[in-house]
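Student: Please show me the structure, and then we can go through chain B.

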Amino acid sequence: MSAEEIKDLLTHTLEGMQVEVDDKAEPKGIKVPPSQIKPVLQELYQNPSTYFDMLSCITGVDNGPEENIMEIIYQLYSIPFNLQVMVKVQLDREVPKVETVSDIWKTANWQEREIYDLLGVHFENHPDLRRILLPADWEGHPLRKDYKHQEYYRGIKVEY
Amino acid sequence: MANEIQYTYQEDNLVRSEPNKYKEEELRSTEVVINLGPQHPSTHGVLRLEVLADGEMIKEVVPHLGYLHRCFEKHAESLPYNQIIPYVDRMDYLAAMNSEHAYAMGVEKMLGIEDKIPKRVEFIRVLVAELNRLASHFVAVGTYAMDIGAFTPFFWMMRDREHIQRMLEWVSGARMLYNYIWIGGLFYDLPVGFEERCQQYIRYLKPKLKELEDLIINNKIFVERTANVGVLPRDLAINYGVTGPMLRASGLRLDLRKVDGYSVYPELDFDIPIGEGKMGTQGDCWDRTYVRVLEIHESVKIIEQCLERLTSDHKRTRDFDPQQVVPKKIRPKAGDFYIRAENPKGELGFFFRADGKSDIPYRCKARACSFVNLSVISEIARGSLIADLVAILGSIDIVLGEVDR
């Protein structure tokens, strides 16, 4: 099944869906508006003709203050159909927030925590949104393009 | 200044930097929070487990990570593609060749030169990667036996791994962190005489594998300690994104070497072992260890075939240059790429975003198999005894360098 067919499937099953195909991605991807990401992923997970039962990876990308966009990219893999797809969603960089998918795939729990930790994206209704890699009292989110680290952490100079 | 105080000690420093999830005052009278790690030999590095226990039963395990966080993704934002390879080595430091192979394949795919790589280079890559897979599984099985109280297997496994490390040192100059597989080629061709030395090693190793099975796998004490402990059902494993030997032990025959058929794996003959619950339930700790031991046998098969090909159709020639397709300038076209490969511990994935204007990736994210595999621990440890927690953690086979990156 190609990305175009997945797009057709989604526009047929879900009403008012605006899905775009992203040709520059490898494996092929679709772009979804942030308000519709949860139903789209739910449909891709449940639909017997796609059945994306494994969420391989979630990536967060910050595009910098000029473009003012943050992106979340979901790598889905369907084991029975041996099919991969990339689902992209663009968020507002000022208030980056998106619905959690950790109730569909439990693996999203930690991966979303990592994105929250490093990029500061807020995942709504996440059961346990805490920092995971950095200490709880670290300031800022390092993978943002305009990140400036704090000068001192507990008396240790951060600049090396 | 030598006398400058580096760390200001305050009593609540630890509480503020990594607070427990469960607060003392919210616990019921039978519950207790036990802290395991970060400095504990059975956590295989620096991992802290916060265990909520009811008497001797585990109610919840909360891992606290990040003690080995080295900002791989932040560093990768400012380095050219070829200079990231040493950082990739340091993620899963027990299987650096496999990580390098995955990374190099990914960048080659972005550049569109993956078909131009000479066959000899591909076979050497698979050969060293499988040798490294052997070494990684030796550590996994050996340290696992040591975790649960058997000391001898650890020494035996380390002895066999030492040969591999010396061979790989001969190949690349380093024992663990190789930087041997380059984008588009290799650092060097194999040293003269390597194939014979490797064949000797395989001849030496085969009887030792039989000993390993007698010593650990079929050992009654080991079986009683691990069978029916930490059972991971298949549907839960998939939902948690668990991959590698852990997923196969739960009974799903999924190996990316077969599914994706990357590099020269389609030309090689090997099987995918799965756990069958021979000694207990499918997907228990014994199954996970047994799958690793079976995979050692499969890797030996692959190594033998590679050696056979490297001494016949793809023989060493005087004019063979392993760097002939190494690109002078690595500048992939703009776009997003996700590349995955089968590491000893599971699916290692790399997400790249290239902007098409520079030879530095705009974003490089590593999907680490240990990180994802570890996230299932609270699920499989729930309801078991505290004494079993170390057995469960060891059977997951994590490398903290990869969990924290």
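Student: How many helices and strands does chain B have?

Tutor: This is a predicted model, in which local features need pLDDT of at least 70, side-chain atom pairs count only at pLDDT 80 or more, and totals for chains, interfaces and linings use all residues. Residues are numbered from 1 along each chain as its sequence is written, with chains lettered from A and ligands numbered from 1 in the order in which they are written. Helices (H or I, at least four residues) and strands (E, at least two) are DSSP runs, numbered from the N terminus. For chain B the count is 16 helices and 10 strands.

Student: Which helix gives the largest share of the largest nonpolar core?

Tutor: Such a core is a set of buried Ala, Val, Leu, Ile, Met, Phe, Trp, Tyr and Cys residues joined through C-beta atoms within 7 Å, where buried means 20 or more other C-beta atoms within 10 Å of a residue's own, with C-beta atoms placed from the backbone. The largest core has 152 residues, and Leu127(B) and Val121(A) are among those with the most contacts inside it. The largest share, 16 residues, comes from residues 119–147 of chain B, helix α5.

Student: How are α5(B) and α15(B) oriented to each other?

Tutor: Their axes, lines fitted to C-alpha atoms over the stretch in contact, with angles from 0 to 180 degrees between N-to-C directions, come within 9 Å and cross at roughly 175°. Angles over 145 degrees count as roughly antiparallel. The two helices are therefore roughly antiparallel.

Note on methods. A residue is buried if 20 or more other C-beta atoms lie within 10 Å of its own, exposed if 12 or fewer, and partly exposed in between; C-beta atoms are placed from the backbone. Angles under 35 degrees count as roughly parallel, over 145 as roughly antiparallel, 65 to 115 as roughly perpendicular and the rest as oblique.
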